Amino acid sequence: MYRIPLFDLNYDEREEQAVIDTLRSKWISTGPKTAQFEDNFAQKLQADNALAVCNCTAALHLAMKALDIEPGDEVICPSLTFVATVNAVRYVGAEPVFADIVGDSDLGIDPGDIRRLITNRTKAIVVMHYAGFPCDMDAILKVASEHGLRVIEDACHGPLSEYNGKKLGTIGDAGCFSFFSNKNLSTGEGGMLVAGSRAVFDRAKLLRSHGMTTLSYERSKGHSMGYDVVELGHNYRMDDIRASLGIVQLEKLEDDLKERAKVRAWYEEALAEIDEIIVPFKGHKGFVSNYIFPVVLHRSCAANRDEVRKVLQEQGVQTSMHYPPVHRFSIYKGYSRQLPVTESVVERLITLPMYSTISPNDVDMITEALREAVKH
Ligand SMILES: *Cc1c(COP(=O)(O)O)cnc(C)c1O
């Protein structure tokens, strides 16, 4: 056990009670709780719709299918992301084209590189809002509209994060969220798809449940007697047990994010005095989720990254690295290209603990340990 873990779940009696209530209702698969979770989520995001699914990987797959991304298409995406972002491109037979990130202090996809990578086969752009900080969506939407491209937001890191007054995940043609256990909003496994149009939403909803025209909950309510199967769909549904967790978690989310913003401010202040450490997105204005807290070592200490992580570990501080770049994984060798900024940053990246109940003392202790570690 670490003295300070990377993440701490904010569950209490409210989540326990919500699950008990759902179990006692005897409706445990997709039903009223799922519908309520979707409504509440859409409302919080000021979105027209939301579709609960079993995880974000499924949401990404449904987004690709509902937006007609097909074999032969090219999809521009980051390499500095979780592998699921890119796997979804390949599920529909399309080809991922990796774009670089902006730099040491902006880990989002580089709109200039996106522009350079466009060919007559390019069909879509997938962005990933790293740590919940928005990508440069104005520039990305401009490139997309000039070339008639779809935009999919992997908003796993950014529930309730904002960009120019809009919530992340509601800016492009589809937004995908994860409720995996260590995300800002946790249901164990779970996800949500927010669609930019009714047509995309309806198609994704159909594909979520085997391409069937009705759900068993609707049939049990007598709303419908039978069903047809009109497309080759999947079983990507969320169950009501998880949805009831999601309802409680969503109610807590805004307050949790406000606490995380304080933790970030303490980190930023303490780290300002350490020249060897760059804080990406430093001084960012605007409401963000702070899903994780990444730091980048100065180029002069690149060789010491693993050493620094070890010093922190000896102090009982858990760290991580988000992410090993996707283009270097064995199954992506064939799609690899030179990504100088991503390649330089990933050698120097460390993720520090981030959750709402970290104290100022914890932050002092972590940053002091870091100060010592970078000296060696
Ligand atoms: C967690 C995560 C995913 C995958 O989400 P699952 O719900 O586990 O399928 C995809 N992309 C990013 C950026 C993530 O952080």
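Mentor: Start with a definition. Ala, Val, Leu, Ile, Met, Phe, Trp, Tyr, Cys and Pro count as nonpolar; Asp, Glu, Lys and Arg count as charged; the others count as polar. Keep in mind that this is a predicted model.

Trainee: How do the residues lining the largest cavity divide into nonpolar, polar and charged?
Mentor: One is nonpolar, four are polar and four are charged. The lining consists of Phe-7, Asp-8, Asn-10, Lys-183, Asn-184, Ser-186, Gln-249, Asp-256 and Arg-260. Phe is on the nonpolar list, so Phe-7 is the nonpolar one. Asp, Lys and Arg are on the charged list, so Asp-8, Lys-183, Asp-256 and Arg-260 are charged.

Trainee: What makes this space a cavity and not a pocket?
Mentor: A 1.4 Å probe fits in a cavity but cannot get out, whereas a pocket is open. The largest cavity holds about 40 Å³ of space. The structure has one cavity of 30 Å³ or more.

Trainee: Which space does the ligand take?
Mentor: The ligand takes the space of the largest pocket. To sit there, more than half of its atoms must lie within 2 Å of the grid points, so the ligand meets that test.

Trainee: What is the volume of the largest pocket?
Mentor: The volume is about 310 Å³. Among the 21 lining residues, Phe-82, Ser-178, Phe-180, Lys-183 and Tyr-323 are the closest to the centre. Helix 3 and helix 4 are the elements that give two or more residues to this lining. Helix 3 gives the most, with three. By class, the lining has nine nonpolar, nine polar and three charged residues.

Trainee: Why is Ser-178 called a polar contact of the ligand?
Mentor: The cut-off for a pair of N or O atoms is 3.5 Å. A polar side-chain atom of Ser-178 lies 2.7 Å from a ligand oxygen, so the pair qualifies. Lys-183 has such an atom 3.0 Å from a ligand oxygen, and therefore qualifies too. For Tyr-323 the distance to a ligand oxygen is 3.2 Å, so that pair also passes. The protein covers 92% of the 390 Å² of accessible area that the ligand has on its own.

Trainee: Which residues of the shell are the closest to the ligand?
Mentor: Cys-56, Thr-57, Asp-154, Ser-178 and Lys-183, out of 15 that surround the ligand. A heavy atom within 4 Å is what earns a place, so each of these five has one. Helix 3 (56–66) and helix 4 (83–91) each supply at least two residues of this shell. The shell divides into six nonpolar, seven polar and two charged residues.

Trainee: What kind of peptide bond joins His-322 and Tyr-323?
Mentor: A cis bond, with omega about 10 degrees. Tyr-323 belongs to the loop between helix 10 (305–314) and helix 11 (340–346).

Trainee: What is the phi of Asp-68?
Mentor: Asp-68 has a positive phi of about 60 degrees, although it is not a glycine. The loop between helix 3 and strand 2 (74–78) holds Asp-68.

Key. Residues numbered from 1 in each chain as written. Predicted model: local features only at pLDDT ≥ 70, side-chain atom pairs only at ≥ 80, totals over all residues. Heavy atoms only, no water. Polar contact = N/O pair within 3.5 Å; in protein donor to acceptor, adjacent residues only side chain to side chain. Areas by Shrake-Rupley, 256 points an atom, 1.4 Å probe, with all protein chains shown as cover. 1 Å grid on protein atoms, 1.4 Å probe; cavity = no way out; pocket = protein on both sides within 12 Å on 5 of 7 lines; lining within 4 Å. Helix = DSSP H or I, 4+ residues; strand = E, 2+ residues; numbered from the N terminus. Points joined across faces, edges and corners; volume = space filled by probe spheres on them.
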